[in-house]
Amino acid sequence: MEFERLRADCEERLQLLRLPHRFNTGQLLKALEEYRGHPVKVKPVDTGGNLDLLCGMRAETPDGDILYYERQASQMHRNHIVAHEVSHVLWDHPGSLSVDPTRAASLGLDPALILRLSGRSVYTDEDELEAEYTATLIRRRAYLEQHYAPSDPQGADDRWDAVFARPLLPGPRKKGRRR
Ligand SMILES: [Zn+2]
């Protein structure tokens, strides 16, 4: 897939979440909940090295989505895995892992309640590329937007940020004020 096309497609997909200007992982999950119309939880799982480093796992249950990340992952890595899993959900990438009692138990779920379970081994390389690039866009926005004012202020806080972010230009000098 051509890179420019990939980027445009991922940015377009990300628009569906209607993310606020500044957001953290909690707000990202909130945005996904609104998009999906049901709860989204995040849980750690001991993968024993069975999961790809960037890809976690996701389960669809009658109570909502559960996104899993490797328990040993650092906070930063964890945020990236969550962003990657959010991206798989956003793209609605197909693919289901088989659910056996052992696997369900490791996820803390009743096998009968798992509507779909997805992980790295069921995704195509193209799906992985889309999820990873979208995750990169999410992480980049989450980082950059903590430091820069919005170009399109939406609320009062954003507008203040935009005002203070403007470079200070010297105003016109007033005449006749010299002593
Ligand atoms: Zn993945």
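**Sheet, core and helix packing in a predicted model**

Ala-59 stands opposite Leu-117 in strand E4. This pair belongs to the antiparallel contact between E2 and E4, which extends over four bridges. The structure discussed here is a predicted model, and the description proceeds from the sheet to the helices and the core.

The protein chain contains six helices and four strands. Along the sequence, these elements follow the pattern α-α-β-β-β-α-α-β-α-α. Of the 179 residues in the protein chain, 22% count as buried. Where contacts in the protein chain join residues at least 6 apart in sequence, 65% of them link residues at least 24 apart.

The four strands form an open sheet with mixed pairing, in the order E1-E3-E2-E4. Strand E1 (40–45) and E4 occupy the edges; each has a single partner strand, so one side of each is left without a neighbour in the sheet. From one strand to the next, the twist averages 20°.

The pairings within the sheet can be taken in turn. E1 and E3 run parallel and are joined by six bridges. On the E3 side, Glu-70 is the bridge partner of Val-45. E2 and E3, by contrast, pair in the antiparallel sense, with five bridges between them. These two strands, E2 and E3, make a hairpin in which two residues lie between them. Asp-65 in E3 serves as the bridge partner of Glu-60.

Two helices lie across the sheet strands. Helix H2 lies across E1 and E3, and its direction is at about 125° to E1. Helix H3 lies across E1, E2, E3 and E4, running at about 145° to E3.

The largest nonpolar core comprises 23 residues, and those with the most contacts inside it are Leu-28, Leu-32, Leu-67, Val-82, Ala-83, Val-86 and Ile-138. Two or more residues of this core are given by each of H1, helix H2 (25–36), strand E2 (57–61), strand E3 (64–70), helix H3 (75–91) and H5. The largest share, five residues, comes from H3. The surroundings of one core residue, Ala-83, can be listed: leaving aside residues up to four places away in sequence, Ala-83 touches Leu-28, Ala-135, Ile-138 and Arg-139.

Helix H1 (residues 3–15) and helix H5 (residues 125–144) also pack against each other: their axes come within 9 Å and cross at roughly 65°. The crossing of H1 past H5 is right-handed. On the H1 side, the residues in contact are Leu-6, Arg-7, Cys-10, Glu-11, Arg-13 and Leu-14, which meet Leu-129, Glu-130, Tyr-133, Thr-134, Leu-137 and Ile-138 in H5. By class, this contact of H1 with H5 has seven nonpolar, one polar and four charged residues. Ile-138 thus appears both in the contact with H1 and among the residues with the most contacts inside the largest nonpolar core.

Ser-121 lies in the loop between strand E4 (116–119) and H5. Ser-121 is classed as exposed because 12 other C-beta atoms lie within 10 Å, and a residue counts as exposed at 12 or fewer. The C-alpha atom of Ser-121 is separated by 8.8 Å from that of Gly-95, although the two residues are 26 residues apart along the chain.

Key
Residues are numbered from 1 along each chain as its sequence is written. This is a predicted model: local features need pLDDT of at least 70, side-chain atom pairs count only at pLDDT 80 or more; totals for chains, interfaces and linings use all residues. Axes are lines fitted to C-alpha atoms, for helices over the stretch in contact, and angles run from 0 to 180 degrees between N-to-C directions. A crossing is left-handed if the near helix is turned anticlockwise from the far one by less than a right angle, and right-handed if clockwise. Two residues are in contact if their C-beta atoms, placed from the backbone, lie within 7 Å. Ala, Val, Leu, Ile, Met, Phe, Trp, Tyr, Cys and Pro count as nonpolar, Asp, Glu, Lys and Arg as charged, and the others, Gly among them, as polar. A residue is buried if 20 or more other C-beta atoms lie within 10 Å of its own, exposed if 12 or fewer, and partly exposed in between; C-beta atoms are placed from the backbone. A nonpolar core is a set of buried Ala, Val, Leu, Ile, Met, Phe, Trp, Tyr and Cys residues joined through C-beta atoms within 7 Å. Two strands pair if DSSP finds at least two bridges between them.
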